[in-house]
Amino acid sequence: MRKRAVLLYSFLSLCLLLLTVKILSVTAREYSSAAAQNSRKTVLIAESRGKIYDRNMKPLVDCEEKLVSVFTPSIKAKQVLTRLLGEERAQEIIESKRPYVSETDEDVNDENIRTFRVPLRYPQSALACHLVGYFDPKSRNGVSGIERGYNVYLKENGGTLSVSFGVDAAGGVLQGVRKEIEDSGFSSKAGVALTLDSKIQRITENALKNSRIKSGCALVMHIESGEILAMASVPVYDRNNIAKELEKANAPLASKALRSYSVGSVFKSVVAAYALECGISEETKFTCTGEHKIGSTIFTCYNSKKHGTQTMKEALQNSCNTYFIELSKMLDTDSLLMFCRSLGLSAETKLAEGISGEKGCLPENDALRLPGERANFSFGQGKLLITPVQMLSVYHAIATGYYVKPTVIFGLANSDGLVKKEKREEKRRVLSEDTVKKMCGLLASVVSNGNAKTAKSRHLKLAGKTGTAQSGAYDGKREICRTWFAGFFPAKNPHYIAVVLNEDGEGGAVDCGPVFKEIAESIVLSH
């Protein structure tokens, strides 16, 4: 009996011992895990934001890299930090025994210095600053352009890059403890793909840069889809120094493509197209004496030049105001205004979320019944205001017969860079094939034999119209003129529409024609 009691006691004692060992083992592991967590410090290297691409998935932001190094206390680290920050600051960092992050110009990697290549959001070489826009680094929110319109999507598809260190109780880095790199969505390819073509965008920006235009814009549209391939505005601005840009003249932060302006003779193409659509012959003749009097108001051609008896073709070549005053008398003004509205005029042009062109202005129906208002309207003056984006749609209709809503959004890319394309609105016919054929011939003659010869090319046939419009604004005693060139190329079977605007110019032929020509030749000859 006693022997059995001893055996039972021994068995229970062994079980108790094993249970105690198990409890101690689990507790030790838990403390060990907690200690490991509490003895690591995570340092942020960089934050990313969703990408913005062109139509070919070429980045329009984050398209260059900068070097960012993480330093842990060491002699080698102090040498590099001294060169970057000075000896006193470098010594402070080393004595703190804590990791330090800094941009650097040297790609150094050893056990105490780890260098990362991280994207630079807005390098100087980046394109389309007005359309892409910029964001506020403090709030991480978009302020303008695509950055603002698609702010939520871009923020959601950003991430962080960080490094985790082993540290002692005082926060000092422990030597010999493995560093862990943490990529939390930082390398995601998700973002917004625009319709822009980087190659054509650069051609357009360079053409403006090479021109006499100090404040204006140039745009290129793909004729088949209505997608905007280039949208450039000058002056450009530095997105890394917004405060400085606010002090500059000519509103560098504003996209001139979205503002409305008086248009002048580029609008004569609209009146001519509608007249043809109404059955009026292009052989219709009027005689220009250099001026046209309505009541007490005298309307003149440029420099009061007398063009004599002209057909529609000759009137467009000479940009004759008096011819179009006479032509407008043959048109029903209410129907003409309805046609203008079918081209998207006097309506806001929404290109993307948060990005819209101004409405511009068309005269009221009653106002246009007044002979003086109708005369001004016939050659693009008076109350008429149009944005360069709207002008793209106007000349698209003249070149194809269809109104198409312009857009800058190609689609949204997921984390793997795969794009879901945006749905497009259907084209709407506004001009007959016969009218289109005639207008293409008329506008080609304006470039080859008319006052738009500055856009004439030896390499391809172009079609278009110049415009010079009084703005009602003055620089001292000098009235500021808005100058334009709008057209398409090649003249036969066109593939592209282009519009050029100068906010303060001498004449459409002088300022804008050469820019149109350079854009057209560079695009066609480079393909």
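## Buried cysteines without a disulfide

A residue counts as buried when its relative accessible area is under 20%. In this predicted model, C320 is buried because its relative accessible area is 0%. C288 likewise counts as buried, since its relative accessibility is 4%.

No disulfide is found in a search of the whole structure: the count is zero. For C288, the nearest cysteine sulfur belongs to C320 and is 3.6 Å away. The converse also holds, as the nearest cysteine sulfur to C320 is that of C288, again at 3.6 Å. A disulfide requires the two sulfur atoms to lie within 2.5 Å, so the cut-off excludes a pair at a greater separation. Accordingly, neither C288 nor C320 is in a disulfide.

## The largest pocket

The largest pocket encloses about 820 Å³ of space. Its lining consists of 27 residues, and those nearest the centre are S265, C301, Y302, S319 and T468.

Four secondary-structure elements each supply at least two lining residues: the strands β15 (297-300) and β23 (463-475), and the helices α10 (312-318) and α17 (508-511). Strand β23 provides the largest share of the lining, with five residues. In terms of residue class, 16 lining residues are polar, eight are nonpolar and three are charged.

## Surroundings of F267

F267 is located in the loop between α8 (242-245) and α9 (268-277). This phenylalanine counts as buried because its relative accessibility is 1%, which is under the 20% limit.

Leaving aside residues up to four places away in sequence, F267 touches C340, L345, F377, G380, L384 and I386. With respect to S304, which is 37 residues from F267 along the chain, the C-alpha atoms of the two residues are separated by 20 Å.

## Surroundings of S378

S378 belongs to helix α14, which spans residues 371-378. The relative accessible area of S378 is 1%, and the residue is therefore buried.

A polar atom of the S378 side chain lies 2.6 Å from the backbone oxygen of A375. When residues up to four places away in sequence are not counted, the residues that S378 touches are K268, V271, F324, I325 and S328.

Notes: Residues numbered from 1 in each chain as written. Predicted model: local features only at pLDDT ≥ 70, side-chain atom pairs only at ≥ 80, totals over all residues. Heavy atoms only, no water. 1 Å grid on protein atoms, 1.4 Å probe; cavity = no way out; pocket = protein on both sides within 12 Å on 5 of 7 lines; lining within 4 Å. Points joined across faces, edges and corners; volume = space filled by probe spheres on them. Nonpolar A, V, L, I, M, F, W, Y, C, P; charged D, E, K, R; others polar. Buried < 20%, exposed > 50% of the residue type's maximum accessible area, 1.4 Å probe, protein only. Polar contact = N/O pair within 3.5 Å; in protein donor to acceptor, adjacent residues only side chain to side chain. Contact = heavy atoms within 4.5 Å.
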